[in-house]
Amino acid sequence: MPEPFKNFFNEARVKGLATQIVSYCPQFDGQGFVDFVISGLEDLELKERSARIAEGLGHFLPANFAQSAIILQRCLHPDEDTAFQSDADFGAEGVRGWMIAPMSHYVAEQGMGHFDLAMATLKEMTKRFTAEFAVRFFLLEDRDRALAIMEDWICDPNRHVRRLVSEGTRPRLPWAMRLPMFQEDPAPVLALLEKLKDDGEEYVRRSVANNLNDIAKDHPDLVADVAARWMKNASRERQRLVRHALRTLVKQGHPKALAALGFGEAEVDLARLAIKTPVVTFGDALEFEVELQSKAANDQKLVIDYVVHHMKANGSLTPKVFKWTAITLPAGGVHKAQRKHAIRPITTRRYYPGLHKLEIVANGKSLGVIDFELAMEMVAE
């Protein structure tokens, strides 16, 4: 069984960080820092351990943040392109990898009174790991000042710094606090993304797509409009970015998002929808087949999805969209397909016996619904 990832923050690495700091700040009480951090460390989870290390830095680094920031910058690994490398760790040369997380947390907590220096420190740290969580503190404290600094980073030669502009401003970044001002008004973020959409690194463009996907959850029509504009004379790379950015809207069948990708209103009939397993035993698969008949005078691009309407405990149904396929259906043509959909224990859903429904959707348009029954011969935990 693999070791829990929280154990990355362990006594050995805390000692390693202390050694690095002492080499640049001899008055730093390395042993006191280690003793403080490891007291009760075993009982903490990953983020709590990171916060504990940051707390220790707050206690034992110089009270003057300007001094402490310089010390931490000197402790960084000299290689400026090590962020997210799986083998990145720190040693005699300096700190990189996951140990940057508590260091950036310290900057976020202690550096607000030295705004520009703190942001510059995060810029250096993100090259060796990421500062996407810590930079959000500064955006929340002074949005305009932080954005002005981050706009200068758009042209930085380091790809990790450019990515931080996009990733750090994501309104709904996973594992991080949300940025409600950008959920309400994403215009400042969109202005940054506009300048990053054709970045030379796929790594950066992927972050731009994820940011747009975040924005789409609060402003779907706006993002669909941006996507339509970006798709005009778009390079292959930008097309890939837009497709990834619209993934949630496409899954929801959002008409304007589908139109931006070239999918118009579906002109098809559901000529056949058959359930091959009208009673599905929990743990087995729902099997079905469809036949679509084109009603269009021209070829048409179709995104075909299916929706399983799951029975809830109170007897109501809740839909879940599943991606299926994208096709070009010739004028007057027929498309036949079959599918197996496993219904087995998963951690994100509890299943209940009874009548469920299967729905077929093309370009966001419902084509037909059919019933099937789920029999629970085993109980989902």
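This passage looks at one pair of packed helices and at two asparagines with positive phi values.

The model is predicted, so local features are reported only at pLDDT of at least 70 and side-chain atom pairs only at pLDDT 80 or more, while totals for chains, interfaces and linings use all residues. Residues are numbered from 1 along each chain as its sequence is written, and side-chain values use heavy atoms, with hydrogens and water left out.

Helices H2 (residues 30-38) and H3 (residues 46-60) pack with their axes 9 Å apart, at an angle of about 145°. Here, helices (H or I, at least four residues) and strands (E, at least two) are DSSP runs numbered from the N terminus. Axes are lines fitted to C-alpha atoms, for helices over the stretch in contact, and angles run from 0 to 180 degrees between N-to-C directions. On the H2 side, the contact (heavy atoms within 4.5 Å) is made by Gly32, Phe33, Phe36 and Val37; H3 contributes Arg52, Ile53, Glu55, Gly56, Leu57, His59 and Phe60.

Turning to the backbone, Asn233 has a phi near 55°, a positive value in a residue other than glycine. Asn233 sits in the loop joining helix H13 (220-230) and helix H14 (236-245). Its relative accessibility is 80%, so Asn233 counts as exposed (over 50% relative accessible area; buried is under 20% and partly exposed in between, with a 1.4 Å probe and protein chains only).

Asn363 also has a positive phi, near 50°, and lies in the loop between strand E7 (354-362) and strand E8 (365-375). Asn363 counts as buried because its relative accessibility is 8%.
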